[in-house]
Amino acid sequence: MPEHLSNEQLIHAANEFGTPLYVYQAEKIKEQYQKLAKAFSILDTKFFYASKALTNINILRYIKEIGGNVDCSSINEVKLALHAGFEPQKILYTSNGIAFSEIEEAVTAGVHINIDSLSNLEKFGKKYGHSYPVGIRIRPNIMAGGNLKISTGHDTSKFGIPVSQLDKIEEVVKATGLFIRTLHIHTGSDIKDPEVFVKGIEVLFELIPHFPELEVIDLGGGFKVPYKPGEKETDVELLAKKIKETFDNHPMAGYPEKTGTGKKFQLWFEPGKFLVSACGYLLAQVTVIKDTGPIVFAAVDSGLNHLVRPMMYDAYHHIENISNPAGEPKVYTVTGNICETDTFAADRSLPEIREGDYLAFYNAGAYGFEMASNYNSRFKPAEVMIKNNQALLIRKRDEFDDLLNNQVEITGFIN
Ligand code: LLP
């Protein structure tokens, strides 16, 4: 299995389907999934793919084919997962800030639910009492993740119920008879240090005695993937060992046969980037080379409307000039064609870029297409999946009618 898709495969896809184009390599998703499954085989673990990273239903079906479950962040993601063929017990809905009616819909669908506010927890308890097991998203007050925008577990984050409000949670549980099956945390994205997960577990472990019906410890997602050449991903083998140690050493978790007192909890994860980041490439064609003296701009037929991560998070995405890989290295600022400063990469050394060349942006599988928009009334790109060396279109490029699709043309109101 290739580490990456070859330049030839990418050029072939660009020629066949046009640019800008998202291309996903199915086998890479499987490789990542199996790496996780193997590492965590020492514990009773389930993986729920965080579908917010990439929801194309063919990707969802592929995740199903390789044995994964799905984590959702909206009721529409739940519906997409059901549409893709997942059974409700393989779907988890980790909600935040949502109307209770969405939670009711999720109950009707029969999926697992994590609730992240006292308000919804209370409504849930009043309506369902003990009849529907549920999870609580705890805010552990831990700072973690690649940057503040993607840190979600710290003490000013909107996510989860602060661990300091345990007494309030207990009040609600007691008053309504809730069946708390899961304690959940998700502290952020791009977390390399296994100790962050260990710290999170320790916070949750403190809570175990308060929830006697607990069966699941859900540690969310957030494993780091390498964006820059030479960077390392989270060492999931080491992480699994550390987590097992933490479970083993706790008198109330892990291995009853060993401690005599404990209970064996199931461990859940919700990986997004780890599964689908490296499988994906955004292919774009160079439209204009503009030499301004100190800076040479290379503009492509894409922009922040298609891959917003560099502009939104200052994220680094590796770029290859797949049309001229052996060209003489020169320094470029690679931009989009959007009427904003949409810099993909500043002062990047790349093999000589000529107008018409194809550039490949790596690690575009997670939060790439998914965060795309029609800004500047440009079309969203097409998506292609390569499996067994066969490239199939899995989403058509927008057409002009798509821009008008939901607009209502009023007459007799505007002259
Ligand atoms: N579980 C929950 C509850 C989450 O909120 C997230 C991500 C995940 C799992 C998956 O995290 P991952 O394994 O992908 O790091 N758009 C940003 C990342 C935002 C993550 C939002 N929540 C980016 O492109 O870096």
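This passage describes the surroundings of the ligand, the pockets and the cavities in a predicted model. Because the model is predicted, local features were required to have a pLDDT of at least 70 and side-chain atom pairs were counted only at pLDDT 80 or more, whereas totals for chains, interfaces and linings use all residues. Residues are numbered from 1 along each chain as its sequence is written, and side-chain values use heavy atoms, with hydrogens and water left out.

The shell around the ligand (residues with a heavy atom within 4 Å of it) comprises 18 residues, of which S189, E270, K273, R309 and Y367 come nearest. By class, this shell divides into six nonpolar, six polar and six charged residues, where Ala, Val, Leu, Ile, Met, Phe, Trp, Tyr, Cys and Pro count as nonpolar, Asp, Glu, Lys and Arg as charged, and the others, Gly among them, as polar. Both domain 1 (43-272) and domain 2 (280-404) give residues to the shell, so the ligand lies between them; the domain bounds come from an automatic or database domain assignment.

Polar contacts with the ligand (pairs of N or O atoms within 3.5 Å) were then examined. A polar side-chain atom of R309 lies 2.6 Å from a ligand oxygen atom, and one of K273 is placed 2.7 Å from an oxygen atom of the ligand, while a polar side-chain atom of Y313 lies 2.8 Å from a ligand nitrogen atom. Of the 580 Å² of accessible area that the ligand has on its own, the protein covers 91% (Shrake-Rupley method, 1.4 Å probe).

Empty space was mapped on a 1 Å grid over the protein atoms alone, a cavity being a set of points where a 1.4 Å probe fits but cannot get out, and a pocket an open set with protein on both sides within 12 Å along at least five of seven lines; lining residues have an atom within 4 Å of a point. The space taken by the ligand is the largest pocket (more than half of the ligand's atoms lie within 2 Å of its grid points), and this pocket holds about 670 Å³, a volume being the space filled by probe spheres set on the points. Its lining consists of 26 residues, with K52, T152, F159, H186 and Y367 nearest its centre, and contains seven nonpolar, ten polar and nine charged residues.

The second largest pocket encloses about 310 Å³ of space. Among its 18 lining residues, E3, H4, P226, A278 and N363 are the closest to its centre, and at least three lining residues are drawn from each of domain 1 (43-272) and domain 2 (280-404).

Key: Polar contact = N/O pair within 3.5 Å; in protein donor to acceptor, adjacent residues only side chain to side chain.
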